[in-house]
Amino acid sequence: MDKTSMTAIFLLIGIFSSVQFADAQVGVCYGRNGDNLPSQQQVINLYKSNGITRMRIYDPDQATLQALKGSNIELILDVPNDNLQSLTDSTTATNWVNTNIKAFSDVKFKYIAVGNEVDPSDSNSQNILPAMQNIQNAINSANLQNQIKVSTAIQTGLVTNSYPPSNGVFTDSASNFIKPIVNFLVQNGAPLLVNVYPYFSYAQNQQSISIEYALFTQQGNNDVGYQNLFDAILDSVYAALEKLGANNLNIVVSESGWPSAGGVAASVDNAGTYYKNLINHVKGGTVKRPNGPIETYLFAMFDEDLKTGDETEKHFGVFNPDQSPKYQLSFN
């Protein structure tokens with residue numbers, strides 16, 4: 001074989017390998033709601049040493065953004081819910097982008113999540129779309145619209161009639177809230193961010209959902225063609241979006257996890273099984289959207305002992321606060 005042919009083959013192998021590697025990447029959400037967590041620079045080093053190339057943070061923490069400089073880690077940056085109202089003012093939104101985005105030109109911002117799981121019945125929900133529009137305008141003015149997409153993160157509870165998944169539809173109140181947001185996303189070529197938790201669906205419906213179905217360990221498909229709950233939940237949201245006419249809108253799974261303590265079926269064994277199987281599963285697609293990968297962010301990097309609510313909320317970490325791994329996971 002001549003050198004030209006050999007070179008071409010090696011180039012193709014290299015391209016194929018890099019594509020496969022890119023397909024396999026998952027991100028991890030980095031929350032800081034704990035009193036025993038490593039410094040921001042230590043956390044960035046932990047991401048890098050474990051080959052974690054995507055991150056979500058829930059506010060523009062300046063120390064985290066400084067530590068991310070030059071790291072090549074792709075970032076989802078949240079606008080906290082209590083900032084939404086202020087960003088309905090265009091000048092404030094421009095200043096927010098200048099301070100938290102433009103000032104960090106060597107950070108790889110990928111998405112801005114304008115609000116996280118704001119309920120449609122919450123008065124703050126009316127601020128999401130105007131804030132998204134103002135942030136988008138500021139991103140456009142900075143000529144960053146091809147690099148950074150503006151979205152919002154929703155919970156799957158906005159969808160009803162989710163079994164079979166093809167029947168999924170947004171509730172009436174959620175539909176009025178989400179439709180103009182969906183139109184905005186379609187117009188700007190941005191995905192919808194969705195937090196997907198089979199754990200909570202299983203914990204609340206143990207009579208009708210098996211633990212195997214929730215943990216990706218079920219053998220064979222059920223009567224509507226699904227082998228796992230994650231795909232069923234995700235496809236119910238896709239079905240709801242299709243009913244709004246958004247057939248080509250993509251979903252990024254902006255959170256998914258399983259607690260290791262604090263509630264029903266919350267154990268190290270179950271959580272480790274879930275995370276390992278999730279990482280492997282999202283290299284492919286779902287029944288409705290078979291052409292993967294599914295961009296997915298594990299929740300979360302650490303247990304957060306200051307979180308409020310159910311005890312499980314404190315136990316979603318894939319690393320312990322001392323930076324030791326809770327599970328043996330490969331993030332790519």
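In this predicted model, both Glu255 and Arg56 are buried, and the two residues form a salt bridge in which the closest N and O atoms are 3.4 Å apart. The pair links distant parts of the chain, since Glu255 belongs to strand E9 and Arg56 to strand E2 (residues 54–57), with these positions 199 residues apart in the numbering. A search of the whole structure finds 11 salt bridges.

A further pair is made by Glu295 and Lys110, whose closest N and O atoms are 3.1 Å apart. Glu295 is placed in the loop between helix H10 (268–281) and strand E10 (296–298), whereas Lys110 is placed in strand E4 (residues 108–116), so that this salt bridge ties together parts of the chain that are 185 residues apart in sequence. Glu295 has a relative accessibility of 14% and therefore counts as buried, the cut-off for this class being under 20%; Lys110, at 16%, also counts as buried. Both residues take part in a network of salt bridges that links Arg54, Glu74, Lys110 and Glu295.

The salt bridge between Glu242 and Lys288, with the closest N and O atoms 3.3 Å apart, joins helix H9 to the loop between H10 and E10, and so ties together parts that are 46 residues apart in sequence. Glu242 is partly exposed, with a relative accessible area of 27%, and Lys288 likewise counts as partly exposed at 27% relative accessibility.

The open spaces of the model were examined next. The largest pocket has a volume of about 960 Å³, and of the 33 residues that line this pocket, Thr156, Gly157, Tyr197, Phe200 and Ser201 are the closest to its centre. Two or more lining residues are given by helix H7 (198–204) and by helix H9 (229–243), with H9 providing the largest share, four residues. By class, the lining of the largest pocket comprises 12 nonpolar, 15 polar and six charged residues.

The second largest pocket holds about 300 Å³ of space and is lined by 20 residues, of which Asn250, Asn291, Pro293, Ile294 and Glu295 lie nearest its centre. Helix H1 (3–24), H9 and strand E9 (251–256) are the elements that give two or more residues to this lining, which divides into 10 nonpolar, six polar and four charged residues. Glu295 thus appears in two settings, as one of the residues nearest the centre of the second largest pocket and as the partner of Lys110 in a salt bridge.

How values were computed: Residues numbered from 1 in each chain as written. Predicted model: local features only at pLDDT ≥ 70, side-chain atom pairs only at ≥ 80, totals over all residues. Heavy atoms only, no water. 1 Å grid on protein atoms, 1.4 Å probe; cavity = no way out; pocket = protein on both sides within 12 Å on 5 of 7 lines; lining within 4 Å. Points joined across faces, edges and corners; volume = space filled by probe spheres on them. Nonpolar A, V, L, I, M, F, W, Y, C, P; charged D, E, K, R; others polar. Salt bridge = Lys/Arg side-chain N within 4 Å of Asp/Glu carboxyl O. Buried < 20%, exposed > 50% of the residue type's maximum accessible area, 1.4 Å probe, protein only.
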